[in-house]
Amino acid sequence: MDLFLHALSLALTPLAIGSIGLGALVGLIFGSTPGLTFTVALALALPMTFSMDPVPAMGLLMGTYIGGMTGGSVSAILLGIPGTPSAAATVLDGHPMTKQGEASIALGTAVIVSVFGGIFSLAVMIVSVDLVSQVAIGFGPAEIFALVLFGMSTICGLCGDSLLKGLIAGVLGLMIMTIGIDTIEGVPRMTFGSVNMLQGVNLLVAMIGVFAVPFVIEALSEKTNTSAQDTRVVRVKVELPKIGLLIRNAWLMIRCSVLGTGIGAIPGTGGAIASFLAYDHAKRFSKEPERFGKGNIEGVIAPETANNAVTGGTLIPLLSLGIPGDPATAIVLAGLMIHGITPGPALFMNHASEVYGIYVAVVLAYIWVLSFQMVGIRIFVHVLKIPRETLAFAVLVLCAIGAYSIRNSAFDIYAMGVIGVLAYLLIAMRVPITPIILGMVLGPTLENEFRTAMMLSSGNADIFYTSPTVLIFFALALLVIGLQLKSEFMRKTKRQQQ
């Protein structure tokens, strides 16, 4: 009890509370702006912590991390452009809800379930950090490959009306992410002799292109009249989700929180994988799967709960083993080390007060995020009142700046444009875009873990058949593919009978 009271005294100082609030606000801004990721915000915030005490310093970093993860849903829902890769799955139903005049309900639901997922994962981390870390550390390259392959199998459920077109889109996503220098052998791939293409295509640049450029092209090519614009403005309402809606989806939120926490605890995965797996899970177990992709609130709840549950999950291997799960947590690890807090088995013996203070800071960060978002919803929805052409130009400028700022490379702007035009043409041909995103998100991890596993086994493929965990994920992937093929066959049979 004394330890907990001491942790509260460290986390509830004016400096700590203010630092957490500042971090949450900066994270929200960076997370909701395409191209300005919260990883960049964390890198900018890290030098500010040098002169702070450990708990306020880590509160600033954790506030930025949590705010950025939550903020990605704002642009995903309002504009159909994810602010972060973790919010890519939120676009699928969040943006259609905006088109139906339910932007504020989608935004309100997203932030509430985000807070739920984050607090849930924190609670799981506190009570089971040792157990979960032991399970997570048991995931080697073969196990992670099998997990990601299982994630790739969800492409079958996101193909829309044509399984063939969906698979083609998935392969395109995989091909885009193979461009550049091979990270393992150092040889150029698909660069066609171009020096600029040696750096490859950045994931966020590609995602901005896929979502933002088609939006801009459509907005500038549409013939909007005054009455249509007035109708769109009238439909913008400030309305928060009802308690009954959250209660009806409580079990879905719990399941997706568990999934997100588990994915986050496995190094090398992250929020994007968790959000797509959660979306596919929600669709498969929904009573109305045909409503997904058309503005189903469950399609917002599932990915937003899961990707924020990742935040607590990533802290499990970080604090107990000193293993960061992604670039963002690597910066958090640097912050810990700078302040003399060395993660590992002895962490809770040497720095128990600081660790519990960080736990309190995480809760405060979610309170700040919830407050900012609830106030901000009234402002955010008015973005839809901006004339569509003006909004398109603003989005184009912001995306160009964001794409350039990622690596300070003009090539990324050109890559964004080319990929965006390609995405627009594919949409016109009714080829689903979601499998492209899934291929880009999961492709690098899938390839790297497969090759690493093969190198560890000296080229012996038995490494993929001797682990029970690998076999379980292979079986799940086959089950998902089999069920989707069965569904596709039954749908075609029904059409022929009609």
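Which residues do ring pairs link into a cluster? In the predicted model examined here, the cluster held together by ring pairs consists of Phe145, Phe450, Phe464 and Phe474. A search of the whole structure returns 8 aromatic pairs. For the rings of Phe145 and Phe474, the centres are 6.4 Å apart and the planes stand at 85°, so this pair is classed as edge-to-face. Because Phe145 belongs to helix α7 (residues 141–152) and Phe474 to helix α21 (residues 468–497), the pair ties together parts of the chain that are 329 residues apart in sequence. Phe145 and Phe474 are both buried.

With regard to overall architecture, the protein contains 21 helices and 2 strands, and 54% of its 498 residues are buried. When contacts between residues at least 6 apart in sequence are considered, 78% of them join residues at least 24 apart.

The nonpolar interior was examined next. The largest nonpolar core comprises 95 residues, and those with the most contacts inside it are Val210, Phe211, Val395, Ile437 and Met440. Helix α9 (residues 203–221) supplies the largest share of this core, namely 12 residues. A second core, separate from the largest one, has 44 residues, among them Ala45, Ile316, Leu336 and Ile341. Once neighbours within four places in sequence are set aside, the residues in contact with Met440 are Gly173, Ile176, Met177, Leu203, Ala206, Met207 and Val210.

Ala45, which is included in the second core, is also one of the buried residues of helix α3 (residues 38–45), the others being Phe38, Ala41 and Leu42. Viewed down the axis of α3, the buried residues fall within an arc of 100°, and they therefore line one face of the helix. This can be set beside the general geometry of an α-helix, in which there are 3.6 residues a turn, so that residues three or four places apart point the same way. The elements that cover the buried residues of α3 include α2 (14–32), α4 and α15 (327–338).

Charged side chains were then considered. Side chains of opposite charge can pair when their charged atoms come close. The count of salt bridges in the model comes to 6. In one of them, Asp182 pairs with Arg451, with the closest N and O atoms 2.7 Å apart. This salt bridge links distant parts of the chain, since Asp182 is placed in the loop between β1 (180–181) and β2 (188–189) whereas Arg451 is placed in helix α20 (residues 434–456), at a separation of 269 residues. Asp182 and Arg451 are both buried. Another salt bridge joins Arg189 to Glu447, and here the closest N and O atoms are 2.4 Å apart. Arg189 lies in strand β2 and Glu447 in helix α20, so that this pair too links distant parts of the chain, 258 residues apart. Arg189 has a relative accessible area of 23% and is accordingly partly exposed. Asp182, Arg189, Glu447 and Arg451 are linked in a network of salt bridges. A further salt bridge is formed by Glu288 and Arg291, whose closest N and O atoms are 3.4 Å apart. Glu288 counts as partly exposed at 37% relative accessibility, and Arg291 is likewise partly exposed, with a relative accessible area of 36%.

Asp412, located in helix α19 (residues 410–428), is buried, with a relative accessible area of 0%. Its side chain makes a polar contact with the side chain of Arg407 at 2.7 Å. If residues up to four places away in sequence are not counted, Asp412 touches Val205, Ala403 and Arg407.

Finally, Ala87 is situated in the loop between α4 (54–78) and α5 (88–99), and its relative accessible area of 1% places it among the buried residues. Although Ala87 and Asn307 are 220 residues apart in sequence, their C-alpha atoms are 7.8 Å apart in space. With neighbours within four places in sequence left aside, Ala87 is in contact with Gly72, Ser73, Ala76, Pro82, Glu304 and Asn307.

Terms used
Residues are numbered from 1 along each chain as its sequence is written. This is a predicted model: local features need pLDDT of at least 70, side-chain atom pairs count only at pLDDT 80 or more; totals for chains, interfaces and linings use all residues. Side-chain values use heavy atoms; hydrogens and water are left out. A nonpolar core is a set of buried Ala, Val, Leu, Ile, Met, Phe, Trp, Tyr and Cys residues joined through side-chain atoms within 4.5 Å. Buried means under 20% relative accessible area, exposed over 50%, partly exposed in between (1.4 Å probe, protein chains only). Helices (H or I, at least four residues) and strands (E, at least two) are DSSP runs, numbered from the N terminus. Contact means heavy atoms within 4.5 Å. Rings of Phe, Tyr and Trp (its six-membered ring) pair if their centres lie within 6.5 Å; planes under 30 degrees apart count as stacked, over 60 as edge-to-face and the rest as tilted. A polar contact is a pair of N or O atoms within 3.5 Å; within protein, one must be able to donate a hydrogen and the other to accept it, and residues adjacent in sequence count only if both atoms are side-chain atoms. A salt bridge is a side-chain nitrogen of Lys or Arg within 4 Å of a carboxyl oxygen of Asp or Glu. The arc is that of the directions from the helix axis to the C-beta atoms.
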